[in-house]
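Visitor: I am new to this structure and should like to learn how its terms are justified. Would you kindly show it to me?

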Amino acid sequence: MRIPKLPEGLITPFQGFLILAGGGLVSALLWPDFEIRRVLFLQILAFLQGILALQVGEAEQGYGPLPPSQRLLRLTFFNLLGVLLALPFLFVYRAETGASWTAFLLALLYLWAHGFVWMGVGHGLAGRVRSDGLRFVLKYGGFLVALFAPVVLAWPVSALTVLPALWEGEAQAWPGLGIYLGLSGVSLGCWMRRSGSPSG
Amino acid sequence: MILLALLWAFSGLALEIKLELGWAGRPVLGAVNPLWITLTNPEAFLVQGELRVSMEFGSPWRGRGTYTAVMPCAVGPFSQTRLRLPWPVQAGGFLLKAAVFAEERRLGEGELRFVAEPEPLRAGLGPPLAPLDLFLSPAELPPEPLLLSPFAELRVFLPLNPAEEDVVRAWRAFLWGEARLEAEALRAHLAGLRPPAPPWGLLLPGLFLYVMALVWALPGLARGRPGFALVLLLMFSCFALFYSVSREASPKEGRVYIRVERPGFTSFCLELWGIVPWAREEVVLEGWWAELLPAQGWEGRDLRWRLAEGQWATVIPLEPGVPRVLLRLGQGVAPPGEKVPPPAWLRRALLLPWEQASVSRLPLEGVEAYLVRWP
């Protein structure tokens, strides 16, 4: 199996993700307050990963005509690449916050599902909304609303609360994990149904 | 009648549980009160199970916590068992629940609604020779002096045997006010303890190298040469995994232990444990410990006492960065230590005649431990 080629336009987003996530880790570890120290990096990571996923999804829309199954393979690989780039940071963070290995693996699973869903959103919006300005607003506005509105409304579905809750092994993380796993499953199902027709 | 008997038989409740809290049924706020639990078995068979007692305390603005005690129990046919537990009463606690379970099947339950006295009681030991709140007979005097903490005054009107005298002296020395404890000063010291810092000399260059190496290697993925980037990623992930595993053994909390003794005056000593965790975990202390709560921030300040093989253990669920201060009046001999001048925070945390006291550092691993002797 050939490893998919990264579009040129995605090199900078991946590099930016890596640098900012590294900076986020150091900031979190230096933070004087224990409560913030335990969640800050995860929140930064969830935010950066969502942005990266939207950009990857959008860039893939313009990456030539490919059959849906091949497109899906590429998106899955780039999503995995984002999670793998954060993996050394997460290993370090686990050691410094004393999180369990189970929590660590669940956090990885959540990050994968979270990235996959927002990659799908980026890809879908790029195919349906032609106006650059409107697409920008819908893409980043939607992501910010999905990230911050549940925090304001105290719904346990925002990545800002779900990822730290998974890290701490708290039961309140389950609905959020379930939603993102469910959404990635639904998107995967929709994609498979389309796999007969070529994609743009 | 037959219907009632049938209902009783099928309800599965074989035990009657009666609760009584506080001396003369008057629990005192902020004190460790005696809790009497009477288990009555009206059946013709032995009932064995696990007794679980619980109480919620606190308020929405202070935060809520739960105290739970778990112990095995057995009641013979047509008989009664009476148990006494030390039970701290905190603001916002007004309902005690107890139930006996056998393999998760409820055998009996009981509850007690109470109103706690805001002020400590004045008690007398012996005949009622003075206008006091209540009088105890020497037979009622508990072997644990902590159960006398609801009293602001304890007047003795008759001669006591040495063991009883010892208990009253322990109350006078550690609970009545001869030595006073400023838990806030101890909490401030605990809050100042830091976790062992990450090995920055290794971590920072490692992270910098990783970020720079991958930033440099990522364009290879766009040129169809992913091998180098993936090898680097694998290599740094292995280093990070090794780092993560090697840091497992680092201490997960800071601990302070203080033991105050009055040799020649009482055989009891005041023991204090201060714990501040860096990660979420559960700590188990041998013996029965009560917590000194701060004015607020009670959320999650749960304690679980469990009795196994005749020994109490206190289970403390810890939240990162939240200092907990626990106390008990124990007995026993401390290991020898090296004499040191009392640290400033210890002088602030313990108010006693320091000019007469001597302080030794106890050799307990991973714990900042002091023995304070005061004649």
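Guide: Strand 16 (residues 303-308) of chain B runs antiparallel to strand 17 of chain B, and five bridges join them. The model is predicted: local features need pLDDT of at least 70, side-chain atom pairs count only at pLDDT 80 or more, and totals for chains, interfaces and linings use all residues. Residues are numbered from 1 along each chain as its sequence is written, and chains are lettered from A and ligands numbered from 1 in the order in which they are written.

Visitor: What makes strand 14 of chain B and strand 17 of chain B a pair?

Guide: Two strands pair if DSSP finds at least two bridges between them. Strand 14 (residues 281-286) and strand 17 (residues 311-318) of chain B have six bridges, in the antiparallel sense, and therefore satisfy that definition. Within strand 17 of chain B, Pro317(B) stands opposite Glu282(B), while Ala313(B) is the bridge partner of Arg306(B).

Visitor: Why are helix 3 of chain A and helix 6 of chain B called roughly parallel?

Guide: Angles under 35 degrees count as roughly parallel. Helix 3 (residues 68-97) of chain A and helix 6 (residues 227-246) of chain B pack at about 10 degrees, with axes 8 Å apart; they are therefore roughly parallel.

Visitor: Which residues make that contact?

Guide: Among them are Leu84(A) and Phe91(A) of helix 3 of chain A, and Phe236(B) and Leu241(B) of helix 6 of chain B; contact requires C-beta atoms, placed from the backbone, within 7 Å.

Note on methods:
Axes fitted to C-alpha atoms, helices over the stretch in contact; angles between N-to-C directions. Helix = DSSP H or I, 4+ residues; strand = E, 2+ residues; numbered from the N terminus. Parallel < 35°, antiparallel > 145°, perpendicular 65-115°, else oblique. Contact = placed C-beta atoms within 7 Å.
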